[in-house]
Structure formats: C-alpha cells, structure tokens
Amino acid sequence: MTQKQNFLRNIWYYALPGIQLKPGRMFAKQLLGEPIVFGRTHAGEVFALRDICPHRAIPLSCGRFDGAQIECAYHGWRFDQQGQCTAIPALSDDQDLDLSNFQVRRYPVQEVQGNIWIYMSDSERGETEPTHPVPVVAGFEDRAYQSTFTMNFPCFIDHAVVGLMDPAHVPFVHRSWWWRSDAILSEEVKAFDPSPYGFTMRRHRLERQTFFYRLLGGDAEVEISFQLPGVRVEQIITNTNRVANLTVITPISETETEVTTMFYTSIGWFKPLLPLIQPFINTFLGQDRDMVVKQQIGLRHDPPLMLIKDADTQAQWYYRLRSEFIKANAEQREFTNPVKSQILRWRS
C-alpha cells in the first residue's frame, strides 16, 4: 500500500519522554519527516522549534542553548522559545532591521504524565493552536509512568497501528511460555463503543490469565481504548492493583515509525523488578517488529489488503476514522466518529 506524505495533521503526537529533556538542554528529533529541536528552559518549560535556521539552513540544534534562547552555530543568530529572532550579531549599530520578520516555526507542546506531546498542524508557520486535549491515562492523572521502552519499526505508520490493534495474531506471533504457550484458539466476544477520536473495548473479565496477569492479582478485568493518530491504552484492574499500559505510535518518516510502550501502576514492587521484566517487554515488542519487517517484503508489490470481519473490524475502523479526520479538517468542520457500538466475535 503506497503512501506519500499522508500523515494526519492538526492532532497531538507523542514526542519523547520528559525525562529525556534536561533543563538547559536541547534534543533534536525528526517527526513526520520534519526536523524539530526540543528545548527545556532552566525554569523547566518545554518548547519545540523547526530545527533549521532561516538564515543559512544550519540546524539550530548544532548551536548553543543558554536555557532561554538558542544561538545558531554559524552566525550567532538568536531565537527565543517562540521562534522569534532576537539578535543578529553581524548588524552594525546604525543598521535598522526589523527582527520580527525573522522567525522559526514554533510547535505547540505539552508535558503530561511524564510525556512530551507535540501538536503537528497543517500550517507551515505553525500558528494553528490545538483544538482538543492531549491524551491522558485515566486513573493516573497526576503521575508519571514507571517504565518506558521504544522500538523503531521500518514501516509507514498505518501498518504499525493496524498491527497494534490486531487481535488474531497473538497466538501465532507471541507464542511463548510466559504469554501464550500454545496455538489453541478460543472464541472471543467483545463489546465496543465509540470514544473520542476512536473506540473502546468495554471493560470485561479476562478469561485467559497469562503469567503476567496472574502476577497482578486475581479476577483481572480489562478495558482497551484506541484513538487517533495511534494511541492505545490498556487498563488492567484486579482485586488489589491497577495497571495501565500506554502504547503510542509516532511516524518519523514515510518508512520509519516509532513505537513506545510504557506502564503506569499502583504496584510498589513493579519498579524494583523492572530489570527482570524489561527483557520480556523487549521480546514481545520485537516479535511484532519482526512481522512488520517480513510484511515489507510483500508490500513492495503494492498488493490489495483483504480485511475480514470481525477479526479485522478494528483495522477497518482505523482507516474510517483516519479518513473522516482528514475530511473534517479539509472541510473545516467537527469530526464525526464513524464507529458505532457493536459486538465483535473472533477466534484467538
């Protein structure tokens, strides 16, 4: 399925963990094919600018940051957090030049629950301000994650997202003693409802208790939600604990996508055991990545993708949500969720 610069715009994307950006430091990163430099002031405020000096195109991230302004490495032009040029050292005292004519694109950013989110608008100058809030993990509103792990997938964002919500691949791709030790399939019947920019699998009792679920406590119940552009939250509630897994998918370019998974939990022993748990997380995510790598071999031939009901209905919803979001933006109207409440059945 050939795609060409078809990223969703005017929406929040996960950018990076907040801990990765120290006060008085910069961090350069490409998102949606655009070079961006993130900075955190000495006061702790986060900002993001286009990582290109408008003078001679040197990346601003190659320059110096004093905790308030960025100085270009080439000619010392300075820019504040809003992207406004504040100084051009080459000017003599009698040269009157309006510095307000020199700006770098600014991107709206927010730091929520330990994560930095960036609003990628369809405006070249970046003046468009967010019209909806940053995704939040319910139950942990004022808390940061306890662990995070990121892996790059060599694919367009659509394939990473569809793989994330695919319920039928688990017994084949994730066949392990600690997750699914057999390929015995059972009937799954789940109720879904529309939710903001996506859909939610209603909270239900988990019938198949894997090794990790048993560690969390008895009678586990699960609720899973998805929203555009690629945000999945799985809430696990047991008799004694609550754990939320936030997985976010961010396009780096047309052929590279970043998948980040993190855990929010009330469990006191989770963090000390993280060094033991992390290898399993890496393996699980790596198994999904291996399938994406193999998938690219077939996608080179641009084959039609035949999605079925009900196992692929969530994937179909994603494409409909995506299409409606693009149309709503183009027509400058409110987004109308195309998903309707429905019961889905599949074997997994």
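Asn10 sits in the segment before β1 (11-17), and that's where we'll start. Helices (H or I, at least four residues) and strands (E, at least two) are DSSP runs here, numbered from the N terminus.

Some ground rules before the exercises. The model is predicted, with local features needing pLDDT of at least 70 and side-chain atom pairs counting only at pLDDT 80 or more, while totals for chains, interfaces and linings use all residues. Residues are numbered from 1 along each chain as its sequence is written, and side-chain values use heavy atoms, leaving out hydrogens and water.

**Exercise 1. Backbone oddities**

Work out what the phi values of Asn10 and Gln332 are, and whether each residue is buried or exposed.

Solution.
- Step 1: keep the usual pattern in mind: most residues other than glycine have a negative phi, and most peptide bonds are trans.
- Step 2: Asn10 has a phi near 60 degrees, positive in a residue that isn't glycine. Its relative accessibility is 9%, so Asn10 counts as buried (buried is under 20% relative accessible area, exposed is over 50%, partly exposed is in between; 1.4 Å probe, protein chains only).
- Step 3: Gln332 isn't a glycine either, yet its phi is positive at about 55 degrees. You'll find Gln332 in the loop between α5 and β19 (342-347), exposed at a relative accessible area of 75%.

Next, track down the cis peptide bonds at Pro229 and Asp310, and place both residues in the fold.

Solution.
- Step 1: the bond from Leu228 to Pro229 is cis, with omega near 0 degrees. Pro229 belongs to the loop between β15 (221-227) and β16 (231-237).
- Step 2: Lys309 and Asp310 are also joined by a cis peptide bond, with omega about -5 degrees. Asp310 is in the loop between α4 and α5 (313-330).

**Exercise 2. Strand β18 and its neighbours**

Which strands pair with β18, and in which sense?

Solution.
- Step 1: recall that strands of a sheet pair through backbone hydrogen bonds, either parallel or antiparallel. Two strands count as paired if DSSP finds at least two bridges between them.
- Step 2: β12 (residues 147-153) pairs with β18 in the antiparallel sense over seven bridges. To pin down the register, Asn152 stands opposite Glu258 in β18.
- Step 3: β17 (residues 242-251) also runs antiparallel to β18, joined by nine bridges. Here Thr247 has Thr261 of β18 as its bridge partner, and the two strands form a hairpin with five residues between them.

How many residues of β18 are buried?

Solution.
- Step 1: count along residues 257-265: nine of the nine are buried, so β18 is largely enclosed by the rest of the structure.
- Step 2: split the strand by face. Thr257, Val259, Thr261, Phe263 and Thr265 are buried on one side, and Glu258, Thr260, Met262 and Tyr264 are buried on the other.

**Exercise 3. A four-stranded sheet**

Find the order of the sheet that holds β6 and β7, and name its edge strands.

Solution.
- Step 1: the order is β5-β6-β7-β8, an open sheet with antiparallel pairing.
- Step 2: β5 (64-65) and β8 (85-87) are the edges, each pairing on one side only.
- Step 3: inside it, β6 (residues 70-71) and β7 (residues 78-79) share two bridges, and Glu71 stands opposite Arg78 in β7.

**Exercise 4. The whole chain**

Count the helices and strands, then decide how compact the chain is.

Solution.
- Step 1: there are five helices and 19 strands.
- Step 2: the radius of gyration is 22 Å, close to the 20 Å that the globule rule gives for 348 residues, so the chain is as compact as a globular protein of that length (it is taken over C-alpha atoms, and the rule is 2.2 Å times the number of residues to the power 0.38).
- Step 3: for the outline, the C-alpha atoms fill a box of roughly 80 × 45 × 35 Å along the principal axes.
- Step 4: now burial: 50% of the 348 residues are buried.
- Step 5: for contacts (heavy atoms within 4.5 Å) with a separation of 6 or more, 57% come from residues 24 or more positions apart.
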